[in-house]
Amino acid sequence: MKAGIHPKYEKVTIKCVGCNTLIETRSTKGQNFSIDVCSHCHPFYTGRQKFVDSAGRIERFQQKWKIAEAKQKGKAEKAEKAETTEKAE
Ligand SMILES: [Zn+2]
């Protein structure tokens with residue numbers, strides 16, 4: 001091995017934020033670090049659907065969708081009411 005050109009290959013602990021698994025391995029990164037998903041909790045390995053959503057984006061989208069649906073419902077009801085009143089007249 002030529003001296004002075006190889007990075008240090010040290011023992012590190014990787015923490016999975018998704019399932020709190022600690023993985024001990026070796027890396028040239030030189031420090032412990034965390035990951036969002038690992039082979040213990042990734043849908044490909046578990047076979048179960050799971051959203052990796054650390055920023056709450058899916059929740060926000062669902063909230064938006066609910067509001068939009070409520071508005072649509074409101075419009076539809078108004079239209080129905082308008083039709084029934086028109087028929088009544
Ligand atoms: Zn994991």
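Three strands form an open sheet in this predicted model, lying in the order β2-β1-β3 with mixed pairing, where two strands count as paired if DSSP finds at least two bridges between them. Strands β2 and β3 (33-35) stand at the edges and have a single partner strand each, so one side of each is left without a neighbour in the sheet. On average, neighbouring strands of this sheet are turned by 35 degrees against each other, direction ignored; the axes behind such an angle are lines fitted to C-alpha atoms, for helices over the stretch in contact, and angles run from 0 to 180 degrees between N-to-C directions.

Residues are numbered from 1 along each chain as its sequence is written. Because the model is predicted, local features need pLDDT of at least 70 and side-chain atom pairs count only at pLDDT 80 or more, while totals for chains, interfaces and linings use all residues.

**The chain as a whole**

The protein chain holds two helices and three strands, and its elements run β-β-β-α-α from the N terminus on. Helices (H or I, at least four residues) and strands (E, at least two) are DSSP runs, numbered from the N terminus. Of the 89 residues of the protein chain, 0% count as buried; a residue is buried if 20 or more other C-beta atoms lie within 10 Å of its own, exposed if 12 or fewer, and partly exposed in between, with C-beta atoms placed from the backbone. Among the contacts in the protein chain with a separation of 6 or more, 6% are accounted for by residues 24 or more positions apart, and two residues are in contact if their C-beta atoms, placed from the backbone, lie within 7 Å.

**The hairpin of β1 and β2**

Strand β1 (residues 10-16) and β2 run antiparallel and are joined by six bridges. Along this pairing, K11 stands opposite R26 in β2, and K15 stands opposite L22 in β2. Strand β2 (residues 22-27) is hardly covered, since the count of buried residues among its six residues is zero. Five residues lie between the two strands of the hairpin, and N20 is found in this loop between β1 and β2. Although N20 is not a glycine, it has a positive phi of about 60 degrees.

**Three residues compared by their surroundings**

What do the C-beta counts say about I14, N20 and N32? The table sets out each count with the class that follows from it.

| Residue | C-beta neighbours inside 10 Å | Class |
|---|---|---|
| I14 | 16 C-beta atoms | partly exposed |
| N20 | 10 C-beta atoms | exposed |
| N32 | 13 C-beta atoms | partly exposed |

I14 is found in strand β1, and, not counting residues up to four places away in sequence, I14 touches I23, T25, F33, S34 and I35. N32, by contrast, lies in the loop between β2 and β3, and under that counting rule N32 touches V12 and T13.

How far apart in space are I14 and N32, C-alpha to C-alpha? These two residues are 18 residues apart in sequence and 5.8 Å apart in space. The C-alpha atoms of N32 and K11, which are 21 residues apart along the chain, are separated by 8.7 Å.
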